[in-house]
Amino acid sequence: MGVTGGIAAYKAAALLRLLQKVGANVRVILTEGAEAFISPLTFEALSQEKVFTQADFLKPQGGFIPHTELARFAEAVVVAPATASFLASLTSGDAQSILVATIMATKAPVLLCPAMNVNMWEHPAVKENIAKLRSWSYEVLAPCGGELACGDVGPGRLPEPELIADFLARLLAPADYQGKKVLITAGPTREPIDAVRFISNRSSGKMGLALAKAFWLRGAEVMLVHGPLSVKIPSYLSQRPVETAQEMYQVVNELFPGVDILVMAAAVADYTPVKTFSGKLKKKEKELVFTLKKTPDILAEVSAKKRPGQVVVGFAAEEGEKLPEEARRKLKAKHLDLIVANDITRCETGFETETNEVFLFFANGKELKLPLAPKEKIAWQILDALKEQLGEILSAKA
Ligand code: C5P
């Protein structure tokens with residue numbers, strides 16, 4: 001991890017913590033500019049490792065040549081924040097600083113996270129450098145918009161550590177879904193009763209979101225169609241928020257022809273009120289009766305229109321012993337390539353949980369159990385299985 005001399009240098013400490021939390025072994029390089037903002041001791045204390053500075057570059061100790069040793073050590077490099085002058089030195093191949101020299105000496109993928117004043121970011125010199133660096137396969141995560149430390153407003157802020165960590169993870173992940181377009185639905189739908197009330201369910205959207213993230217990490221282009229979610233959606237996922245089953249039906253129908261894979265992880269309401277009352281329904285009668293009508297079965301309808309090369313995945317929330325039978329029935333009835341079933345009678349799986357245990361039923365007859373694990377891991381394993389069982393369909397040209 002390289003830190004250069006911008007005000008966002010303090011955020012690099014939080015990034016280091018996060019990378020360590022997910023199991024990374026991090027070595028830090030501070031440029032001279034960074035040292036003016038934050039002390040090497042901060043990073044040394046957090047990483048429990050020696051932090052390398054310009055002094056180590058100029059006077060290597062004990063035969064350890066920092067830029068070549070660190071270049072060999074790293075499986076990935078992140079520079080956060082990356083200043084305009086650092087980007088200029090890297091673009092011009094000026095290896096006088098320890099960080100530029102290390103990056104020039106490494107074969108590892110490099111993520112650059114520029115942060116600077118908005119006018120600097122929009123300056124043609126920076127723009128040209130960024131374009132050049134991108135053309136050399138450096139990954140550049142553009143700064144976020146908002147209020148800057150200098151008081152100006154616009155793009156220039158260093159993105160949050162979570163976002164940087166996700167981009168870094170993508171550099172390390174297999175790109176086996178590169179070039180694939182994936183449509184994922186997630187979360188509940190809301191069916192309005194009146195202006196303020198609705199029928200919904202306990203879906204959190206976490207499983208759908210974990211799948212969307214896994215596909216993105218593995219190189220796919222992801223579109224997330226989602227009902228109201230309590231979890232934050234990362235900015236790298238394109239999204240279409242919807243409320244009702246009918247709205248989700250329209251959006252999925254519109255987007256389905258253009259995608260390679262559809263994963264319907266949303267808990268779509270099966271019934272919706274026939275009539276939505278205008279305003280707020282008054283409390284009068286002792287009993288109140290609603291008539292509900294069936295919503296369109298989005299999955300069954302789009303799957304019937306599947307063209308060669310398209311893969312459709314459904315989810316099923318089932319209870320106990322009936323799970324396999326019901327899942328196999330739905331797999332057939334809805335013409336799916338895969339159905340992912342989970343048992344909602346268990347408290348650690350299914351709705352509103354962080355973990356899941358699922359059963360995969362493929363159209364080719366293959367059946368698989370993925371034991372209890374965090375939803376992120378389950379998502380990753382679903383992608384592995386999908387590639388293994390349906391790789392042929394996915395690589396076939398439509
Ligand atoms: O038949 P059941 O509702 O159990 O099937 C669940 C699967 O069907 C899920 O993948 C869900 O997203 C999808 N579904 C749908 N439209 C509905 C109801 C469910 O696409 N109206």
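**Exercise 1.** In this predicted model, find which backbone atom the side chain of S204 reaches, and decide whether S204 is buried or exposed.

*Solution.*
- Start with the place: S204 sits in the loop between β8 (198–199) and α11 (206–217).
- Next, the contact: the S204 side chain reaches the backbone nitrogen of K206, at 3.2 Å.
- Last, the accessibility. Buried means under 20% relative accessible area. S204 has 11%, so S204 counts as buried.

**Exercise 2.** Locate K282 and name the residues of the positive surface patch that includes K282.

*Solution.*
- Find the loop between β12 (271–273) and β13 (292–294); K282 is there.
- Check exposure. The cut-off for exposed is over 50%. K282 has 66% relative accessibility and therefore counts as exposed.
- Name the patch: K280, K282, K283 and K284 form it.

**Exercise 3.** Examine the backbone at S137, H335 and the A80 to P81 peptide bond.

*Solution.*
- Begin with the general rule: most residues other than glycine have a negative phi, and most peptide bonds are trans.
- Take S137. Its phi is near 75 degrees, a positive value in a non-glycine residue. S137 lies in the loop between α9 (124–135) and β5 (139–140). At 64% relative accessibility, S137 is exposed.
- Take H335. Its phi is also positive, near 55 degrees. H335 belongs to the loop between α14 (323–333) and β15 (338–343). With a relative accessible area of 47%, H335 is partly exposed.
- Finish with the peptide bond. From A80 to P81 it is cis, with omega near -5 degrees. P81 is part of strand β3 (residues 77–82).

Terms used: Residues numbered from 1 in each chain as written. Predicted model: local features only at pLDDT ≥ 70, side-chain atom pairs only at ≥ 80, totals over all residues. Heavy atoms only, no water. Patch = residues over 30% accessible without salt bridge, like charges linked within 9 Å, V, L, I, M, F, W, Y side chains within 5 Å. Areas by Shrake-Rupley, 256 points an atom, 1.4 Å probe, with all protein chains shown as cover. Salt bridge = Lys/Arg side-chain N within 4 Å of Asp/Glu carboxyl O. Lys, Arg positive; Asp, Glu negative; His and termini not counted. Charge placed at Lys NZ, Arg CZ, Asp CG, Glu CD. Helix = DSSP H or I, 4+ residues; strand = E, 2+ residues; numbered from the N terminus. Buried < 20%, exposed > 50% of the residue type's maximum accessible area, 1.4 Å probe, protein only. Polar contact = N/O pair within 3.5 Å; in protein donor to acceptor, adjacent residues only side chain to side chain.
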